[in-house]
Every structure is written in C-alpha cells, then in structure tokens.
Amino acid sequence: MLLLLPGPWCLLSPLLLLLVGAAEEPEVSVTVKHRPFICHRKSKRGDLLLVHQEGYFQNGTKFYSSRTDGDKDAVWFTLGIGQVIRGWDRGLLDMCAGERRKLIIPPELAYGKEGTGKIPPESTLTFLIELLDIKNGPRSHESFQEMDLNDDWRLSRREVKEYLKKEFERHGQPPNDTLNDKMVEDIFTKEDQNKDGFLTSREFTYKHDEL
Ligand SMILES: *[C@@H]1O[C@H](CO)[C@@H](O)[C@H](O)[C@H]1NC(C)=O
Ligand SMILES: *[C@@H]1O[C@H](CO)[C@@H](O)[C@H](O)[C@H]1NC(C)=O
Ligand SMILES: [Ca+2]
Ligand SMILES: [Ca+2]
C-alpha cells in the first residue's frame, strides 16, 4: 500500500515512509445496509442520536442487543465527543434517520487491550446499528443560535438562564431560580475561558479535537 502513494511521497526517504505507515490509524469498516429514500439531515458531531444496536464477537456470538437486553429501549447519546467507543463516533457520521449500518471495529477503536465486562481484551467487534432519530445536541450551533436571543454571536448569563428556564418547562420540571442561577455559574466557570462574561460559539460548542 505504501508503494501506491502518489508522486511527492517518492521524494521521502524509505525510513520516513515507514514512519508514516506506522502512524496510520486503524479504521472502522462501515457498510450501509439500508438507506432510507428520504433523508432530511445527516448525523454530525455534537448531534444527539437515538439508536438500536446489536453487538457481535468475531466468532459470530451476539454479546448485546438493545432490543432484547436491559430495558429494551433504544438509547440516546451524543455523537463525536467520546461518550461512546471511538468506532461509533467515527462510524456513525453522515447517517440518516432510518439508516442501518454494519460497523466492524478494531480493538483500538473499541475496548482495546483491556476489554471490559464480557468483552475480552483485543476484541474486534461488529455492530449492527439502526439510527432511529437525530436531534440537535445541547452544544450544537443550532442550540447556540436558539440561545443567542439578541443575535450578537455570544451568550450572556441572562440568555443562558432564559434557555435553562425554558428547558425546565419543556421537561415539566418546576421552575427553580436558585438552581438555574447555580447552573449558569457552573457553565460560565467551566466554559467562559477568557472570563469576559460571555460565551462565544467557539467556547460553547464542542471543540473539534481529533477523534
Ligand atoms: C465467541 O467469542 C467470545 C469472546 O471471545 C467467547 O466468550 C464465546 O464463548 C465464543 N463463542 C463461541 C461459540 O466460540
Ligand atoms: C431548588 O434548587 C436548590 C438547589 O439545588 C434546592 O436546594 C432547592 O430545594 C430547590 N427548590 C425547589 C423549590 O425545588
Ligand atoms: Ca447574545
Ligand atoms: Ca468568553
């Protein structure tokens, strides 16, 4: 494969090529099993995804199914922030609601050398994933715009508090001014990096780290 690298690479010494090759990351194999005819939006980093999943070992034994195990419900998670294994964060991008994919994930992007629970060390895992729904994540640009009431591209404490109040209402929780104030302070303590009393979109949305 190294031999197939195009032009400029030939100028590099074989040793350098070797290093480039060694630095190559393991990848997720993604197979789209079903793509719906209509696709309004595709999943991206920071989105909330609702999925059903089945997980298999390399020998074909199923180790988990969200349809039959646990509370049998599909689960919500945020894509691209390390809330799930890296193989999922990478393999579930650009996916439509209603789409089904098969992911084959090397141990480096799953549970690695250690394994976890009933996953033995160094396991390559196969997942069948059905994406049921996509929503804006709490840290999405869409949420930022929704929160930025005066459209000045930054969030004040008041704007964040307004948003929390609305979120409490939306989830049928009793209003609690003290709690909201505390949450606002927590958010600003963590996220207002330059301490100017405002959150910019850059401070607020997920950082674009390499996954
Ligand atoms: C398949 O692999 C898993 C994990 O290594 C192991 O626990 C299970 O017993 C294996 N099943 C069969 C039928 O070999
Ligand atoms: C509001 O939140 C504060 C802080 O979490 C809590 O101590 C208090 O009991 C809450 N008040 C109500 C009315 O729920
Ligand atoms: Ca604003
Ligand atoms: Ca700031």
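Analyst: Let's start with the idea we'll lean on: two strands pair if DSSP finds at least two bridges between them. Keep in mind that this is a predicted model.

User: Okay, let's try that on S2. How many bridges join S2 to strand S3, and in which sense do they run?

Analyst: S2 and strand S3 (residues 62-65) are joined by three bridges and run antiparallel. For a concrete partner, take glutamate 54, which is bridged to serine 65 in S3.

User: And what sits between S2 and S3?

Analyst: Five residues, and the two strands form a hairpin. Check the backbone at glycine 60 while you're there: in this turn it has a positive phi of about 95°.

User: Which other strands pair with S2?

Analyst: Count bridges again. S2, which spans residues 48-56, pairs with strand S4 (residues 75-78) in the antiparallel sense over four bridges. Leucine 48 has threonine 78 of S4 as its bridge partner. S2 is also joined to S6 by nine bridges, again antiparallel. Along that pairing, histidine 52 stands opposite glutamate 130 of S6.

User: Now a loop. Where does glycine 115 lie?

Analyst: Find the strands on either side. Glycine 115 is in the loop that links strand S5 (100-105) to strand S6 (125-135). Leaving out residues up to four places away in sequence, glycine 115 touches Pro120, Pro121 and Ser123.

User: Why is glycine 115 classed as partly exposed?

Analyst: You count neighbours: 20 or more other C-beta atoms within 10 Å would make a residue buried, and 12 or fewer exposed. Glycine 115 has 14 within 10 Å, so it is partly exposed.

User: What about ligands? Which residues are around ligand 1?

Analyst: List the shell, then sort it by class. Around ligand 1 you'll find Phe57, Asn59, Thr61 and Pro120. That shell splits into two nonpolar and two polar residues, with no charged ones. Pro120 has come up already, as one of the residues glycine 115 touches.

User: And which residues surround ligand 2?

Analyst: Pro174, Asn176, Thr178 and Leu179. By class, the shell of ligand 2 has two nonpolar, two polar and no charged residues.

User: Last one: where does UniProt place the EF-hand domain feature?

Analyst: With a record, note its status along with its positions. The UniProt entry, which is unreviewed, puts "domain: EF-hand" at residues 135-170 and 179-211. Then look at what the model does there: over residues 135-170 the chain is 58% helix and 8% strand. The end C-alpha atoms of that stretch are 15 Å apart.

Notes:
Residues numbered from 1 in each chain as written. Chains lettered and ligands numbered in written order. Predicted model: local features only at pLDDT ≥ 70, side-chain atom pairs only at ≥ 80, totals over all residues. Near = placed C-beta within 6 Å. Nonpolar A, V, L, I, M, F, W, Y, C, P; charged D, E, K, R; others polar. UniProt positions renumbered as here; feature names shortened; annotations may be inferred. Contact = placed C-beta atoms within 7 Å.
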